[in-house]
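Colleague: Could you walk me through how the helices and strands are arranged here, and how each label is justified?

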Amino acid sequence: MTEQILSSTCFLLYRSLGGDTLADTEADWAQRTRASDMALYLLMQGMAGLAQSPSRAEMLEVGMEEAGWSAPASVPLPRGGADWQPATSHKVTRWAYETMGMFPSEPSEIISKAGAPPLVDIYIRDRRPDVFPTGDGPVKVGPGSYVPVSLHWAADADWVMPGWLPSFGNRGAVAAGGARLRAWAGWVLNDKSSAQVMERSVVWNGQVDIGPFDIAPDAAGMTLVQTDQQQITQLTTAARTAAPAGTQLVVFYELSQINDRANTDPAADFTVKIGAAASPPTKVQALVDLVAGDNNLGLHMAS
């Protein structure tokens, strides 16, 4: 990869980590600064972990992924904002390099297009567009990507699921057998002003575990069978009944499989794992970081 393509890759990573975030219709400089610090952390730690200047872009990509999943559980960012968990970032890093041409389906060929996804890359569908605009024209990336969008907290945000019930797919060319889905329902408290929405607290009320089921290669738009949908309905109804008046209902989903584990899957053993008896993060910012950085995760919230 040339220096220009490598710099474009790092800029794309910054944008996908939150560099396109808006506050209403204006740039959210606090979130964009936070995303800049996150991208810089991965770049510097990735280079430091190699103990030498990388002679190939592939070395830097591996170093930046490892800088994410091997980092301490929480990292304070130098210019403020909520502490960040780097283990939420490695899939976004891989996608940024893939989109700029790394990981070609035929390694012996020189290509001028996006590379191939992992052999198994299951996802929960969100509202992100299927096309990534570039200076050379639109690039079709399909669902399950990390196309840069505004990572603000809103029911109609592009990183959020379009409905309460999830739909699945597989970007990869190999079937994902034995996938499982975990779901939690809860509510967001109004313990901070709307200007501080990222600092609001989340209370979780219940959980269900569904599966196993298979997701075919290149699948898109797969949905749960009716009996599993009923479990989700019962979960959300119980949370809605228990939630105090004036709070916002949320549902968090984790889709995982042995060849493509969610970052939160205990078997992945990352610092962001959610144990069998545990619950998702209890702060809005941590939820945004987690879901926006892993296509195995999904979130829906009441408007």
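**Sheet and helix packing**

Modeller: Happy to. Val188 stands opposite Val202 in S8, and the model we are looking at is a predicted one.

Colleague: What makes S7 and S8 a pair?

Modeller: Two strands pair if there are at least two bridges between them. Strand S7, residues 176-188, and S8 are joined by ten bridges in the antiparallel sense, so by that cut-off they count as a pair.

Colleague: Why are S8 and S11 said to stand at the edges?

Modeller: The open sheet has four strands in the order S8-S7-S10-S11, with antiparallel pairing. Strand S8 (202-215) and strand S11 (297-301) each have a single partner strand, so one side of each is left without a neighbour in the sheet. From one strand to the next, the twist averages 15°.

Colleague: Which strands does helix H5 lie across, and how does it run relative to S8?

Modeller: Helix H5, residues 226-242, lies across S7, S8 and strand S10 (248-256), and runs at about 175° to S8. Angles over 145 degrees count as roughly antiparallel, so H5 is roughly antiparallel to S8.

Colleague: Why is H2 called roughly perpendicular to H3?

Modeller: The axes of helix H2 (residues 29-50) and helix H3 (residues 57-69) cross at roughly 110° and come within 7 Å. The range for roughly perpendicular is 65 to 115 degrees, so the label fits H2 and H3. Residues making the contact include Tyr41 and Leu50 of H2 and Met59 and Ala67 of H3.

Colleague: How many residues of each class are in that contact of H2 with H3?

Modeller: Nine are nonpolar, four are polar and none is charged.

Note on methods. Residues are numbered from 1 along each chain as its sequence is written. This is a predicted model: local features need pLDDT of at least 70, side-chain atom pairs count only at pLDDT 80 or more; totals for chains, interfaces and linings use all residues. Side-chain values use heavy atoms; hydrogens and water are left out. Helices (H or I, at least four residues) and strands (E, at least two) are DSSP runs, numbered from the N terminus. Axes are lines fitted to C-alpha atoms, for helices over the stretch in contact, and angles run from 0 to 180 degrees between N-to-C directions. Contact means heavy atoms within 4.5 Å. Angles under 35 degrees count as roughly parallel, over 145 as roughly antiparallel, 65 to 115 as roughly perpendicular and the rest as oblique. Ala, Val, Leu, Ile, Met, Phe, Trp, Tyr, Cys and Pro count as nonpolar, Asp, Glu, Lys and Arg as charged, and the others, Gly among them, as polar.
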